[in-house]
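The questions below take up selected residues, the ligand site and the cysteines, and each is answered by reasoning from computed values.

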Amino acid sequence: MRKKVVVGNWKMNKTKQEAVQLTTDVLDMLNNTGSIACDVVFAPPFPFMDSINDLISAKNGMFLAAQDCSKHEKGSFTGEVSAKITQSMGANYIIIGHSERRAFFKEDNATLIEKITRCTAAQLVPIFCCGEEAADRESGKHLEVIEQQISEVLLCFSAQELNNVIIAYEPVWSIGTGNTASPEIAQEMHQFIRSIIEKKFGEEFANNTSILYGGSCNAANSKELFSKPDIDGGLIGGASLVAQDFVSIIRNCAN
Ligand code: PGA
């Protein structure tokens with residue numbers, strides 16, 4: 001079933017103490033709200049996954065994600081963290097193909113395919129990120145670029161392997177810039193992404209796939225973004241580091 005989802009991607013921020021405090025604050029604020037009609041996913045740095053899982057694992061609708069995983073299954077890869085290791089720490093999801101990984105760590109489509117393979121083998125669900133650069137949009141190639149990112153990676157898998165997959169549309173020009181995509185631009189792209197998924201996997205699969213928006217999504221603009229029919233929630237960076245802001249976004253998604 002298509003779910004509303006808000007994911008907090010903390011990236012390389014917070015100490016362990018700050019991470020525990022942030023999570024405790026978010027949970028306290030949400031407790032005062034009663035039940036929340038949207039899934040909340042925490043994606044802390046690897047070393048804090050255990051501590052955050054201890055805080056959220058007993059809560060309904062709260063899940064843990066890894067921000068990345070190795071393309072290798074296991075072995076002598078110093079510094080790497082496998083999908084299976086994250087699964088053993090309580091992860092339900094792994095973010096794959098974030099634009100920062102693509103740009104700074106030169107992750108190409110072949111790498112992303114390997115990572116999704118590890119992810120699904122560990123029975124984890126990928127949160128697959130895609131998004132165009134500013135220059136792609138300026139030259140009118142944004143649809144083409146997204147279609148290519150999806151078809152060269154996600155469409156290499158079967159519907160069964162991608163069961164419950166989450167897709168995050170994150171235009172690179174909007175990440176961490178304060179330059180949020182307008183709800184109309186985001187909706188156009190989400191609808192397009194759903195149509196690509198539908199062509200390959202059919203209407204039912206496409207209708208059940210959650211497509212999240214990411215890129216300077218915050219407490220003030222999330223309500224309007226989430227009101228669009230094909231926007232099922234958000235992948236939140238900066239605003240997920242502030243408890244009150246993250247909780248406001250969650251409430252905007254759940255309403
Ligand atoms: P941002 O990051 O919300 O800080 O723009 C989003 C992301 O990178 O997932």
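Q: Which residues is Lys-71 in contact with, leaving aside its neighbours within four places in sequence?
A: In this predicted model, Lys-71 sits in the loop between strand S3 (62-66) and helix H3 (83-88). With a relative accessible area of 28%, Lys-71 is partly exposed. Once its neighbours within four places in sequence are left aside, the residues in contact with Lys-71 are Glu-80, Thr-111, Glu-114, Lys-115 and Arg-118.

Q: How many Å apart in space are Lys-71 and Thr-117, C-alpha to C-alpha?
A: Along the sequence, Lys-71 and Thr-117 are 46 residues apart. In space, taken C-alpha to C-alpha, the separation of Lys-71 and Thr-117 is 8.2 Å.

Q: Is Glu-107 buried or exposed?
A: Glu-107 is placed in the loop between helix H4 (99-104) and helix H5 (109-121), and, not counting residues up to four places away in sequence, Glu-107 touches Asp-68, Arg-101, Arg-102, Leu-112 and Lys-115. Its relative accessible area is 9%, and buried means under 20%. Glu-107 therefore counts as buried.

Q: What percentage of the area that the ligand exposes when taken alone does the protein bury?
A: The ligand is surrounded by 13 residues, the closest being Lys-11, His-98, Glu-170, Gly-176 and Ser-216. Polar side-chain atoms of Lys-11 and Glu-170 lie 2.7 Å and 2.6 Å, respectively, from an oxygen atom of the ligand, while for Ser-216 a backbone N or O atom lies 2.7 Å from an oxygen atom of the ligand. Taken alone the ligand exposes 280 Å², and the share of this that the protein buries is 95%.

Q: How many residues of the shell around the ligand are polar?
A: The shell around the ligand divides into three classes, with three of its residues nonpolar and two charged. The remaining class, that of the polar residues, has eight.

Q: How many disulfides does a search of the whole structure find?
A: A disulfide requires two cysteine sulfur atoms within 2.5 Å. For Cys-38, which is buried at a relative accessible area of 4%, the nearest cysteine sulfur is that of Cys-253, 4.0 Å away, and Cys-38 is in no disulfide. Cys-129, also buried, at 1% relative accessibility, is likewise in no disulfide, with the sulfur of Cys-130 the nearest at 7.7 Å. Over the whole structure, the number of disulfides found is zero.

Technical notes:
Residues numbered from 1 in each chain as written. Predicted model: local features only at pLDDT ≥ 70, side-chain atom pairs only at ≥ 80, totals over all residues. Heavy atoms only, no water. Near = heavy atom within 4 Å. Polar contact = N/O pair within 3.5 Å; in protein donor to acceptor, adjacent residues only side chain to side chain. Areas by Shrake-Rupley, 256 points an atom, 1.4 Å probe, with all protein chains shown as cover. Nonpolar A, V, L, I, M, F, W, Y, C, P; charged D, E, K, R; others polar. Buried < 20%, exposed > 50% of the residue type's maximum accessible area, 1.4 Å probe, protein only. Helix = DSSP H or I, 4+ residues; strand = E, 2+ residues; numbered from the N terminus. Contact = heavy atoms within 4.5 Å.
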